[in-house]
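Please read the following report alongside the sequence and the coordinates. It takes up a small sheet and then a single residue in a helix.

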Amino acid sequence: MTFVKTSMAVYVVDDLNIEDPAQLLRYLRQNDRIKATDRPRFTALTGGVSNRTVWVQFDHRPDWVMKQALAKLRVRVDWFSAPERIQREAAGLSWLSKLITGHVPELLFADERHHILAMSAVPQPHENWKTMLLGGETCLNLARDFGRLLARIHNAALVHPQIQSAFAEVRFFEELRLEPYYGYTATQVPRARAFLEDLINDTRNRRFALVHGDYSPKNVLINHGKLLILDFEVIHFGDPAFDIGFSMTHFLSKAHFLRAHRPRLIAMAAEYWRAYSADLDADLAKGMRSAAVAHTLACLLARVAGRSPLEYLDERHRSRQKRIVLELIGRDIGSLPELIDVFLERVERHNEPD
């Protein structure tokens, strides 16, 4: 065992590294996860910062994807989270397989000691939606489906009230979202400190829906026009407006970055919100408007000044996005469509030749 000590906690980390093919093969055989005659092929998957992720290919059965939670995330600044969160991801997979059937992988097993889970691999061919968007591939139907799926997740606790207790723990959301996105950004951008600290408190008190917590195109694979949703390690019962702000930031930031595709990306953002709003329970919708605006502004700022900045934005784009958000957080913006329009207007106004 290895111990990772931080100023806040000490995390116990197993020395097994699933990105080492020899170690992973030995682990699978010793734990009877595969047959002695199996000869799987292992490919480490990149892109995520909080887990080791490996694609396991078999000759005569469906492929797997394995994940192992890290205590220290792979980012430039120090960022820690308890690797026990892998159990939360396993619970999320189990529940979401019922709530949005056919749109999440199947959970195959979870190993609490080694902080590992295995799930079915998304069938080939598939593409990562973030990659598609950055390549200029836009589609209103995908945005519409993205909104409808999120509404089903947010509505779920109304039909299954046991979700509230099953996902009551918010520790991982605090470690991986509130602190690194809002708390850390508040220390880096003094002009936004009061806004972000108020939003943190509001978020902690607004607990009335199942929240994915990492709902973004990066965590969506497209297989024959169908969305497959991934990554549930911060799923919890809390403030559903966070999911809107977190995901809407990706559409708006890409619209900021990709001038040639800006009108279509803005159209996708608007369609996403329309589809989500149409399917959301009316009682949940009542408190969503102002909260969704606040979370979108906060996430737009956090993704250029927080612990996990968007890697495709250069310093010029980050500075411009920060400047726009700081102009808008003091304004009375009554709805998300209004925010989309105002953000677009400010981007166009501040835009310099690329």
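In this predicted model, strand E10 (residues 220-223) is joined to E11 by four bridges in the antiparallel sense, and one pair that can be located in the structure is Val220 with its bridge partner Ile229 in E11. These two strands belong to an open sheet of three strands, in which the order is E8-E10-E11 and the pairing is antiparallel. Strand E8 (127-128) and strand E11 (226-229) each have a single partner strand and stand at the edges, so one side of each is left without a neighbour in the sheet. Helix H4 (residues 140-159) lies across E10 and E11, and its direction makes an angle of about 45 degrees with E11.

A second point of interest is Ser247, which has its place in helix H8 (residues 241-257). Is Ser247 buried or exposed? Its relative accessibility is 0%, and because buried means under 20%, Ser247 counts as buried. Leaving aside residues up to four places away in sequence, Ser247 touches Phe146, Tyr215 and Tyr272.

Two distances that involve Ser247 are set out below.

| Partner of Ser247 | Atoms compared | Distance |
|---|---|---|
| Asp243 | backbone oxygen of Asp243 to a polar atom of the side chain of Ser247 | 2.6 Å |
| Val211 | C-alpha to C-alpha | 12 Å |

For Val211, the separation from Ser247 along the sequence is 36 residues, whereas the entry for Asp243 concerns its backbone oxygen and the side chain of Ser247.

Terms used:
Residues numbered from 1 in each chain as written. Predicted model: local features only at pLDDT ≥ 70, side-chain atom pairs only at ≥ 80, totals over all residues. Heavy atoms only, no water. Pairing = 2+ DSSP bridges. Contact = heavy atoms within 4.5 Å. Axes fitted to C-alpha atoms, helices over the stretch in contact; angles between N-to-C directions. Buried < 20%, exposed > 50% of the residue type's maximum accessible area, 1.4 Å probe, protein only. Polar contact = N/O pair within 3.5 Å; in protein donor to acceptor, adjacent residues only side chain to side chain.
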